Amino acid sequence: MATIEECRAALEQLSENIQGSEGDVRAAAALDRSVSCHITDLDVTFAGRLQDGRITVRETLQGPPREKAELRLALSGDDLVALVDGELHFAKAWGSGRVKLEAGLLDLFRLRKLL
């Protein structure tokens with residue numbers, strides 16, 4: 001089972017991956033939205049902001065998100081690490097229910113380029 005530190009490092013790596021991308025992926029990440037990532041097996045939530053293609057974690061909270069972020073992700077710590085490492089394909093994980101992503105319809109259309 002992934003630790004809180006490994007999950008935070010995976011989110012930082014995801015942020016760096018997004019910042020290093022170009023074209024459609026970079027444009028899709030140019031949102032300015034609140035974001036939460038609930039690690040279900042650890043019952044921890046990373047809350048922060050996606051801005052200028054960078055994810056900034058501002059808080060680490062026990063339990064589910066306290067406020068409804070504009071972009072909400074929920075998954076196990078192992079799945080987060082596997083996604084960022086390229087070992088788990090997002091579409092398959094989302095389709096099977098291993099990963100939950102909630103956002104407004106327009107944001108989902110933009111984010112599909114990232115995923």
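This passage walks through a few parts of a predicted model, starting with a strand in the middle of a pair of hairpins and ending with a pocket and a helix.

Let's begin with strand S2, which covers residues 44-51. On one side, S2 is joined to strand S1 (residues 32-39) by eight bridges, and the two run antiparallel. A pair to look for here is Asp32, which sits opposite Gln51 in S2. On the other pairing, S2 meets strand S3 (residues 54-62), again in the antiparallel sense and over eight bridges. Gln51 turns up once more in this pairing, this time facing Arg54 in S3. How much of S2 is tucked away? Six of its eight residues are buried, so the strand is largely enclosed by the rest of the structure.

The turns that link these strands are worth a look too. S1 and S2 make a hairpin with four residues between them. In the loop between S1 and S2 lies Asp43, whose phi is near 50°, a positive value in a residue other than glycine. Asp43 counts as partly exposed because its relative accessible area is 35%, which falls between the 20% and 50% cut-offs. The hairpin of S2 and S3 has two residues between its strands. Its loop holds Asp52, which is not a glycine either but has a positive phi of about 55°. With a relative accessible area of 59%, Asp52 is exposed, because the cut-off for that label is over 50%.

Now zoom in on Thr45, a residue of S2. Is Thr45 buried or exposed? Its relative accessibility is 0%, so Thr45 counts as buried. The Thr45 side chain reaches the backbone oxygen of Gly63 at 2.7 Å. Setting aside neighbours within four places in sequence, Thr45 is in contact with a string of residues, including Ser36, Cys37, His38, Glu59, Thr60 and Leu61. Pro64 and Pro65 are also among its contacts.

Gln62, found in strand S3, lies 17 residues from Thr45 along the chain, and the C-alpha atoms of the two are separated by 6.4 Å. Gln62 is exposed, though, with a relative accessible area of 55%, whereas Thr45 is buried. Not counting residues up to four places away in sequence, Gln62 touches Leu42, Asp43 and Val44. That brings us back to Asp43, the residue from the S1–S2 loop.

The strands also help to line a pocket. The second largest pocket holds about 230 Å³ of space. Of the 14 residues lining that pocket, Val35, Ala47, Gly48, Glu59 and Glu67 are the closest to its centre. One of these, Glu59, is also a contact of Thr45. Which strand gives the most to the lining? That would be S2, with four residues, while S1, S2 and S3 each supply at least two. As for chemistry, the lining is a mix of five nonpolar, four polar and five charged residues.

Away from the hairpins, helix H3 takes in residues 77-85. Its buried residues are Gly77, Asp79, Leu80, Ala82, Leu83 and Val84. What do these residues pack against? Their partners are helix H1 (4-19), strand S1, strand S4 (71-75) and helix H4 (90-95). Just after H3 comes Gly86, which takes a positive phi of about 80°.

Notes:
Residues numbered from 1 in each chain as written. Predicted model: local features only at pLDDT ≥ 70, side-chain atom pairs only at ≥ 80, totals over all residues. Heavy atoms only, no water. Buried < 20%, exposed > 50% of the residue type's maximum accessible area, 1.4 Å probe, protein only. Polar contact = N/O pair within 3.5 Å; in protein donor to acceptor, adjacent residues only side chain to side chain. Contact = heavy atoms within 4.5 Å. Pairing = 2+ DSSP bridges. 1 Å grid on protein atoms, 1.4 Å probe; cavity = no way out; pocket = protein on both sides within 12 Å on 5 of 7 lines; lining within 4 Å. Points joined across faces, edges and corners; volume = space filled by probe spheres on them. Nonpolar A, V, L, I, M, F, W, Y, C, P; charged D, E, K, R; others polar.
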